[in-house]
Amino acid sequence: MLRTATADDRDGLVKARREAFGMTGSVSPDETFHLVVEFDRNHIVEHDGQVVGAVGVFTRDMAVPGAVIPVAHVTGVVVSPVHTRRGLLRRMITDQMDAAPEAVAALWASEGRIYQRFGYGMAAQNVTIRADRRELSVTAPPAPGTLRAAVPSEVVEELSQVYSRVLPTRIGWSSRSEAWWRHLTADQESRRDGGTAARAVLFENPDGVVEGYARFRIKPGWDDNGPKQEVNVIEVVAATTAAYAELYRFLLRIDLSRSLVQGCSSVDEPLFHMLNEPRHLGRRAGDGLWVRVIDLPRALTARRYAAPVDVVLEVTDSMIKTNAGRWRLRVGAGGALVTCTPADGEADLTLDIADVAAAYLGGTPLGALQLAGRVREHRPGAVAAASTAFGWPVTPNSIEIF
Ligand SMILES: CC(=O)SCCNC(=O)CCNC(=O)[C@H](O)C(C)(C)COP(=O)(O)OP(=O)(O)OC[C@H]1O[C@@H](n2cnc3c(N)ncnc32)[C@H](O)[C@@H]1OP(=O)(O)O
């Protein structure tokens with residue numbers, strides 16, 4: 001039976017997740033899942049009184065080009081191993097999309113191959129940094145200001161102020177309610193992966209205004225050659241270039257450490273452009289945020305564009321029929337005044353809804369999708385014009401795995 005969950009399904013949901021993800025050990029008593037779970041947004045399948053499948057959603061906003069909009073943050077997608085490959089996920093995900101009030105959904109995939117068939121496109125890459133910190137120094141001149149050490153959970157108010165200030169400009173970042181902050185800073189022992197308790201360092205400008213912070217752990221290490229600690233960066237959030245540079249200068253000079261490791265970075269992480277020896281940043285790129293456009297005209301008019309454009313898109317969508325067809329996207333001068341209406345005329349481009357989604361955050365050029373054979377051009381210059389308009393000066397990334 002397919003239905004939405006209630007609070008009574010809590011244990012069943014936890015059990016289904018632990019089983020599908022192969023989690024070991026018992027449930028930690030300080031687990032903070034309850035702070036953020038939204039039972040009525042969990043689409044579940046029940047069989048013989050057991051939860052055997054689930055697709056969850058967190059109701060959060062996300063920064064997209066020029067706006068912060070509601071985006072269904074899809075999470076906790078599981079099917080019990082004995083029930084897989086019988087279409088349960090397809091049923092649950094269809095139900096979730098039908099019910100979603102949001103025009104757009106996003107998720108982190110456990111395996112990239114799962115979601116493309118459901119119209120998801122890879123909208124933001126995820127870069128993991130594994131830097132040899134002794135080879136690196138920040139070239140920006142030192143900025144006046146001070147660093148202050150703190151315990152993250154004790155300075156949530158200050159962290160959240162900086163985060164809210166930065167959010168609209170960092171495409172792909174998600175809004176954080178008070179409950180999310182408590183969840184993210186809870187710092188359970190079971191989630192430290194051998195590292196110390198989480199630490200925070202805040203950068204204050206000479207007027208005493210907190211302009212940025214870093215959250216990190218130290219992973220201890222020692223061998224025959226001496227110390228080899230790892231600085232495990234959870235996140236760096238900075239409202240100014242000075243704060244950003246000073247925070248990384250600090251993280252790269254922590255005594256006894258040899259490496260700095262950070263996931264959830266952007267392809268165009270400013271740090272890459274601030275180092276004396278960028279090659280030693282040791283970047284590895286993979287898929288990050290996958291996006292699904294659920295309501296095409298609503299989604300395309302919710303964001304802003306980098307340039308004016310007038311283009312007719314022929315869109316295929318095998319799941320959401322109302323998205324399929326010809327759409328005229330018009331963007332006026334200054335990238336504002338956006339309309340997206342059904343079109344009768346000739347199409348300029350043909351593409352699948354997954355490619356609209358891939359381009360949605362401005363991080364995947366339609367030109368690259370054309371080279372990959374995914375976008376077809378029917379009017380010369382249409383891809384270049386649309387690619388420029390869909391692009392954005394800041395490359396998207398997601399700062400946290402939800
Ligand atoms: C946002 C997140 O939470 S990501 C986490 C995803 N969950 C996991 O990785 C946990 C372990 N895996 C599982 O629980 C399950 O395998 C799921 C949820 C991924 C898939 O559930 P299922 O019920 O088996 O999927 P379903 O039967 O609806 O499959 C639909 C289609 O996707 C394909 N598919 C589903 N999962 C996978 C996979 N992991 N690899 C390859 N193909 C897959 C199926 O073959 C099927 O293809 P078809 O439409 O061409 O026939």
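# Exercises on a predicted model

Strand β8 (residues 199–204) runs antiparallel to β9, and six bridges join them. The model is predicted, and the exercises below start from this pair of strands.

## Exercise 1: a strand and its two neighbours

Task: Describe how β9 is connected to β8 and to β12, and state how much of β9 is buried.

Solution.

Step 1. Begin with the β8 side. In that pairing, L202 stands opposite Y213 in β9.

Step 2. Look at the link between the two strands. β8 and β9 form a hairpin with five residues between them. In the turn, G208 has a positive phi of about 85°.

Step 3. Turn to the β12 side. β9 pairs with β12 in the antiparallel sense, over eight bridges. The bridge partner of F216 is V233 in β12.

Step 4. Consider burial. Strand β9 (residues 210–219) is mostly covered, as eight of its ten residues are buried.

## Exercise 2: from β12 to β13 and on to β6

Task: Find the sense in which β12 pairs with β13, and the handedness of the crossover from β12 to β13.

Solution.

Step 1. Strand β12 (residues 229–238) pairs with β13 in the parallel sense over five bridges. One facing pair is E230 and S259, the latter in β13.

Step 2. Follow the chain from β12. The path passes through helix α6 (residues 241–251) before reaching β13, and this β-α-β crossover is right-handed.

Step 3. Now take the pairing of β13 with β6. Strand β6 (residues 121–132) and strand β13 (residues 257–265) run antiparallel and are joined by five bridges. Here I129 stands opposite Q262 in β13.

## Exercise 3: the whole sheet

Task: Place these strands in their open sheet, and name its edge strands.

Solution.

Step 1. Write down the order. The open sheet has twelve strands in the order β1-β2-β3-β4-β5-β14-β6-β13-β12-β9-β8-β7, with mixed pairing.

Step 2. Find the ends. The edge strands are β1 (2–4) and β7 (146–150), each of which pairs on one side only.

Step 3. Add the twist, which averages 25° from one strand to the next.

Step 4. Check one more pairing in the order. Strand β5 (residues 104–108) and strand β14 (residues 283–293) run antiparallel, joined by five bridges. L107 stands opposite W290 in β14.

Step 5. Add two helices. α3 lies across β1, β2 (43–47), β3 and β4, at about 40° to β3. α8 lies across β3, β5, β6 and β14, at about 45° to β6.

## Exercise 4: the nonpolar cores

Task: Which residues have the most contacts inside the largest nonpolar core?

Solution.

Step 1. The largest nonpolar core has 78 residues, and those with the most contacts inside it are V104, A106, A123, V291, V293, A357 and Y360. Its largest share, eight residues, comes from strand β3 (residues 50–64).

Step 2. Take A357 as a case. Leaving out residues up to four places away in sequence, A357 touches G119, Y120, G121, A123, V291, R292 and V293.

Step 3. Note the other core. A second, separate core of 31 residues includes V138, L159, L251 and L271.

Step 4. Relate this to a general tendency. In soluble globular proteins, nonpolar side chains tend to be buried together.

## Exercise 5: two annotated residues

Task: Are V79 and R90 buried or exposed?

Solution.

Step 1. See where the two residues come from. The unreviewed UniProt entry lists residues for "binding site", including V79 and R90.

Step 2. Locate them. V79 is found in strand β4 (residues 67–79), while R90 is in helix α3 (residues 88–99).

Step 3. Apply the cut-offs. A residue is buried if 20 or more other C-beta atoms lie within 10 Å of its own, and exposed if 12 or fewer do.

Step 4. V79 is buried because 21 other C-beta atoms lie within 10 Å. R90 has 12 C-beta neighbours inside 10 Å, so R90 counts as exposed.

Step 5. List the contacts of V79. Not counting residues up to four places away in sequence, V79 touches A20, V52, G53, T84, L88 and L89.

Methods. Residues are numbered from 1 along each chain as its sequence is written. This is a predicted model: local features need pLDDT of at least 70, side-chain atom pairs count only at pLDDT 80 or more; totals for chains, interfaces and linings use all residues. Two strands pair if DSSP finds at least two bridges between them. Helices (H or I, at least four residues) and strands (E, at least two) are DSSP runs, numbered from the N terminus. A crossover is right-handed if, with the strands pointing away from the viewer, the path from the first strand over the helix to the second runs clockwise. A nonpolar core is a set of buried Ala, Val, Leu, Ile, Met, Phe, Trp, Tyr and Cys residues joined through C-beta atoms within 7 Å. Two residues are in contact if their C-beta atoms, placed from the backbone, lie within 7 Å. UniProt positions are given in the numbering used here, feature names are shortened, and annotations may be inferred rather than shown by experiment. Axes are lines fitted to C-alpha atoms, for helices over the stretch in contact, and angles run from 0 to 180 degrees between N-to-C directions.
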